[in-house]
Amino acid sequence: MPGSSTPRAPFPENSEWPDGDRLIRVGRLRRKDAVPDSEWGAVRSVMRSPAHLRGDEGVRLVVRFDG
C-alpha cells in the first residue's frame, strides 16, 4: 500500500493450503511460544531488575553464540 509504514505479509494470517500430504498454515507466533520460559525464564527474570530501574526501553539483551 502506498504511504503505509506496515509491510504487507506475502500470505495472509490464517491462510492455509495443501502441499502433498502436509497442510501449510500461516499463523502468528508469540514470543513466549518461540522462546519458552522453560528455556529463557531465568534470563528474563534477571532482566526485570534493570528494567525496573531504567525502564523497558533502557534494557537490551545481546547474545553471542559460538559454533
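**Entry 1: Ala51**

I began with Ala51 and asked which residues it is in contact with once its neighbours within four places in sequence are left aside. I found Asp56 and Val59. This is a predicted model, so every contact I note here belongs to a prediction. Ala51 is found in helix 2, and I then looked up whether Ala51 is buried or exposed. Its relative accessible area is 16%, and because buried means under 20%, Ala51 counts as buried.

**Entry 2: Arg44**

Next I turned to Arg44, which is also found in helix 2, and I wanted to know how much of this residue can be reached from outside. Arg44 has a relative accessible area of 16%, so I wrote it down as buried. Which residues does Arg44 touch, not counting those up to four places away in sequence? The list I made holds Arg31, Val35, Pro36 and Asp37.

**Entry 3: the chain as a whole**

After two single residues I stepped back to the whole chain. I counted two helices and two strands in the protein chain, and, reading from the N terminus on, I noted the order β-β-α-α. The protein chain has 67 residues, of which 6% count as buried; Ala51 and Arg44 are buried residues that I had already met. I also looked at contacts with a separation of 6 or more, and residues 24 or more positions apart account for 3% of these. The protein chain exposes about 6700 Å², and carbon and sulfur atoms supply 52% of that area.

**Entry 4: the largest pocket**

I then asked which residues line the largest pocket. The lining is made up of Arg31, Val35, Trp40, Val43, Arg44, Met47, Arg48, Ala51, Asp56, Val59 and Leu61, and the space in this pocket comes to about 340 Å³. Helix 2 gives the largest share of the lining, with six residues. Going back to my earlier pages, I saw that Arg31 and Val35, which Arg44 touches, are in the lining, and that Asp56 and Val59, the contacts of Ala51, are listed there as well.

**Entry 5: Leu61 and a surface patch**

Leu61 made me pause, since this lining residue is also part of a nonpolar patch on the surface, together with Val63 and Phe65. The patch has about 320 Å² of accessible area in total for its members. Leu61 lies in the segment after helix 2, which spans 37–54. With a relative accessible area of 46%, Leu61 is partly exposed, because that class lies between under 20% for buried and over 50% for exposed.

**Entry 6: salt bridges**

Before looking at charged pairs I reminded myself that side chains of opposite charge can pair when their charged atoms come close. How many salt bridges does a search of the whole structure find? The search gives five, and I followed up some of them. Glu13 forms one with Arg28, and their closest N and O atoms are 2.9 Å apart. Glu13 lies in the segment before strand 1, while Arg28 lies in the loop between strand 2 (22–25) and helix 1 (31–34), so this pair ties together parts that are 15 residues apart in sequence. Glu13 counts as partly exposed at 39% relative accessibility, whereas Arg28 is exposed, with 66%.

I looked at two further pairs. The side chains of Glu57 and Arg60 meet in a salt bridge at 3.6 Å, N to O, and both of these residues are exposed. Arg64 and Asp66 also meet through their side chains, at 3.1 Å, N to O. Arg64 is exposed at 72% relative accessibility, and Asp66 is exposed as well, with a relative accessible area of 66%.

**Entry 7: the segment before strand 1**

I ended with the segment that holds Glu13. Most residues other than glycine have a negative phi. Asn14, however, has a positive phi of about 75 degrees although it is not a glycine. I placed Asn14 in the segment before strand 1 (16–19), and I noted it as exposed, with a relative accessible area of 59%. Pro12 has its place in that segment too, and is exposed, with a relative accessible area of 55%. Where does Pro12 stand in relation to Arg25? They are 13 residues apart in sequence, and from C-alpha to C-alpha I noted 9.8 Å in space.

How values were computed:
Residues are numbered from 1 along each chain as its sequence is written. This is a predicted model: local features need pLDDT of at least 70, side-chain atom pairs count only at pLDDT 80 or more; totals for chains, interfaces and linings use all residues. Side-chain values use heavy atoms; hydrogens and water are left out. Helices (H or I, at least four residues) and strands (E, at least two) are DSSP runs, numbered from the N terminus. Buried means under 20% relative accessible area, exposed over 50%, partly exposed in between (1.4 Å probe, protein chains only). Contact means heavy atoms within 4.5 Å. Accessible areas come from the Shrake-Rupley method with a 1.4 Å probe; for residues, only the protein chains shown count as cover. Patches are made of residues with over 30% relative accessible area and no salt bridge: like charges are joined within 9 Å, nonpolar side chains (Val, Leu, Ile, Met, Phe, Trp, Tyr) within 5 Å. A salt bridge is a side-chain nitrogen of Lys or Arg within 4 Å of a carboxyl oxygen of Asp or Glu. On a 1 Å grid over the protein atoms alone, a cavity is a set of points where a 1.4 Å probe fits but cannot get out, and a pocket is an open set with protein on both sides within 12 Å along at least five of seven lines; lining residues have an atom within 4 Å of a point. Grid points are joined across faces, edges and corners, and a volume is the space filled by probe spheres set on the points.
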